[in-house]
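Student: Please take me through one part of this model up close. Then tell me what else is worth comparing with it.

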Amino acid sequence: MSKFFTSDGKFSFVKVGAQLLVLCALVVGLVAFVGNNKTITLNVDGKVSSVQTFGGTVGQVVKSANLELNPADRVSPSVDASVQNGTVINVNKAKEVKVSLDGSEKTVNTTAQDVAGLVTELGVASASSVSAPKDAQLSVAGSYVSISTPKTVSLVADGKVDTATTTAATVGKVLEDAGLVLGANDRSSQPVNAHVVNNMVIKVSRVDTGQTAVATEDVPFETVTSESGELLKGEKEVTQKGAAGKLEKTYKLVLVDGREASRTLVSETVAVQPVPEKVTVGTKPKPVAQAAPAASAPAAGANTGAAAPAMMNEAMWDKIAQCESTGNWSINSGNGYYGGLQFDIRTWIGAGGGAYAPNASLATKAQQIDIANRVYAQRGLQPWGCGWAATS
């Protein structure tokens with residue numbers, strides 16, 4: 001018989017009711033299971049996954065997905081928001097990124113997914129040069145990004161001044177981009193590894209160390225003195241005129257932009273040897289003037305009356321007398337030299353001056369010039385220390 005009928009053939013309502021209750025409970029449980037199980041889309045820094053969960057809030061869903069959140073992470077919707085089947089949860093993990101901005105390094109905390117988001121978050125110019133592709137994903141830790149913003153620089157090189165806008169990070173890169181190659185000795189006003197700053201002036205100096213120069217200098221001559229007993233004391237005679245030599249000095253030059261900056265002596269050679277000047281000085285004692293016998297001595301200031309010829313070379317002798325005796329033709333200073341041209345007794349008498357007076361100070365200017373011309377004809381101007389005055 002059917003399980004719904006008793007042994008005496010009567011229908012059993014108790015058994016049917018119990019079985020209906022069990023069936024209803026199963027149906028209700030199934031409906032509840034289906035109703036609480038949800039499919040959620042989880043987007044973590046651009047990585048999308050589908051999650052089956054019974055969680056009712058964002059926080060519960062994230063936890064069921066074994067995703068650990070930090071306080072700095074950005075979650076949308078918020079962690080306490082309710083979720084429904086098909087809800088999309090976006091999680092941007094907090095990242096520590098080492099950023100070099102125009103040479104200044106710092107660590108930045110960001111929830112940006114990629115380099116482009118970081119650049120936007122930092123607010124730098126869109127034309128900036130970035131070391132990594134802008135679509136490169138940022139890691140939670142260990143990412144490094146170098147950013148160089150546009151800057152105006154002035155380049156001074158090879159006689160020209162150029163102004164340009166650049167995103168080059170270093171001076172060396174600026175020079176490279178401008179096609180300026182530094183030679184081994186060339187100089188830059190800024191180190192090539194220096195970071196570029198706005199309105200920087202970079203001057204390139206071309207240095208040439210391969211040039212030499214030769215300079216000539218005089219080499220002074222020496223004076224060699226010898227003594228002679230044929231000349232009176234105080235007399236000098238130049239027997240050989242001196243001549244300066246020539247010294248050639250070779251210098252190594254340093255030219256900066258074509259101009260001499262320094263020179264270093266590398267060699268020197270005597271091209272012309274100096275000629276020594278030879279001078280003979282007298283050692284013969286000067287004769288002592290002898291007084292003439294009273295009967296024949298002329299009166300003081302007088303002469304013998306012998307006529308002197310016309311004065312020759314008067315202008316020359318005036319110049320020499322001016323130097324020798326300040327132009328005093330009758331001077332007798334007591335030093336053994338007399339007259340405007342300072343004759344000693346030996347020279348005066350030896351040249352015939354005795355025909356005019358015992359010494360030159362007692363003779364007229366014309367008579368002194370006559371004797372001077374006689375000495376000049378034989379010995380030139382050598383006896384006069386002031387002979388040089390004749391050509392002044």
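Tutor: Strands here are DSSP runs of E with at least two residues, numbered from the N terminus. Keep in mind that this is a predicted model.

Start with Asp 80. Asp 80 sits in the loop between strand 3 (74-76) and strand 4 (88-92). Its relative accessibility is 61%, so Asp 80 counts as exposed; the cut-off for exposed is over 50%. The side chain of Asp 80 has a partner: a polar contact of 2.8 Å links it to the side chain of Ser 78. Now look further along the chain. Thr 57 is 23 residues from Asp 80 in sequence, yet their C-alpha atoms are 5.7 Å apart in space.

Next, turn to Lys 95. Lys 95 belongs to strand 5 (residues 95-101). Its relative accessibility is 1%, so Lys 95 counts as buried; buried means under 20%. What does the side chain of Lys 95 meet? One polar contact, at 3.2 Å, is with the side chain of Asp 45. A polar atom of the Lys 95 side chain also lies 3.1 Å from the backbone oxygen of Ala 112. Asp 45 and Ala 112 both appear among the residues in contact with Lys 95 once neighbours within four places in sequence are set aside. That list also includes Val 108, Asn 109, Thr 110, Thr 111 and Gln 113. Leu 138, Ser 139 and Val 140 are on it too.

To recap: Asp 80 counts as exposed, whereas Lys 95 counts as buried.

Notes: Residues are numbered from 1 along each chain as its sequence is written. This is a predicted model: local features need pLDDT of at least 70, side-chain atom pairs count only at pLDDT 80 or more; totals for chains, interfaces and linings use all residues. Side-chain values use heavy atoms; hydrogens and water are left out. Helices (H or I, at least four residues) and strands (E, at least two) are DSSP runs, numbered from the N terminus. Buried means under 20% relative accessible area, exposed over 50%, partly exposed in between (1.4 Å probe, protein chains only). A polar contact is a pair of N or O atoms within 3.5 Å; within protein, one must be able to donate a hydrogen and the other to accept it, and residues adjacent in sequence count only if both atoms are side-chain atoms. Contact means heavy atoms within 4.5 Å.
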